[in-house]
Amino acid sequence: CVEILSASDDCTARIWSAESGECLHTLEGHAAPVNTAIFSPNGAQVVTASNDRTSKVWNTATGKCVSTLHGHLAPVTAAVFS
């Protein structure tokens, strides 16, 4: 199934079904707007970058956060997988 990933000022990212338009998962946990969200190369994970100065790694199958990356002293504007 083809999925779409969106990032929002509502402090979430969402995974959508491209076919039905249904929201499959809402990725909640950031305390400030999410600036970017990117699928991993194999599609199994998502990384988000937020104004809350963190990046988070999410499991796309469950929508659960698996890791929070701390350390930035300012908003995180981008994050990508290698």
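Contact here means that heavy atoms lie within 4.5 Å of each other. With that in hand, welcome to this predicted model. Two topics are covered below: the nonpolar cores, with Trp-58 as a member of the largest one, and the antiparallel pairing of strand E2 with E1 and with E3.

**Cores and Trp-58**
- Seven residues make up the largest nonpolar core, namely Leu-5, Ala-13, Ile-15, Leu-27, Ala-37, Val-46 and Trp-58.
- A separate core of five residues lies apart from that one, and its members include Val-47, Ala-49, Val-76 and Ala-79.
- Once neighbours within four places in sequence are set aside, Trp-58 touches, by the contact criterion above, Leu-27, Glu-28, Gly-29, His-30, Ala-44, Gln-45, Val-46, Thr-48, Gly-63, Lys-64, Cys-65 and Val-66.
- As general background, nonpolar side chains in soluble globular proteins tend to be buried together.

**E1 with E2**
- Strand E1, residues 3-7, pairs with E2 in the antiparallel sense, and five bridges join them.
- Within this pairing, Ile-4 stands opposite Trp-16 of E2.
- The two strands form a hairpin with four residues between them, and Cys-11 in the turn has a positive phi of about 75°.

**E2 with E3**
- Strand E2 spans residues 12-17 and strand E3 spans residues 23-28; they too are antiparallel, with five bridges.
- Thr-12 has Glu-28 of E3 as its bridge partner, while Arg-14 has Thr-26 of E3.
- Five residues separate E2 from E3 in their hairpin, where Gly-21 adopts a positive phi near 80°.

How values were computed: Residues numbered from 1 in each chain as written. Predicted model: local features only at pLDDT ≥ 70, side-chain atom pairs only at ≥ 80, totals over all residues. Heavy atoms only, no water. Core = buried A, V, L, I, M, F, W, Y, C linked by side-chain atoms within 4.5 Å. Buried < 20%, exposed > 50% of the residue type's maximum accessible area, 1.4 Å probe, protein only. Pairing = 2+ DSSP bridges.
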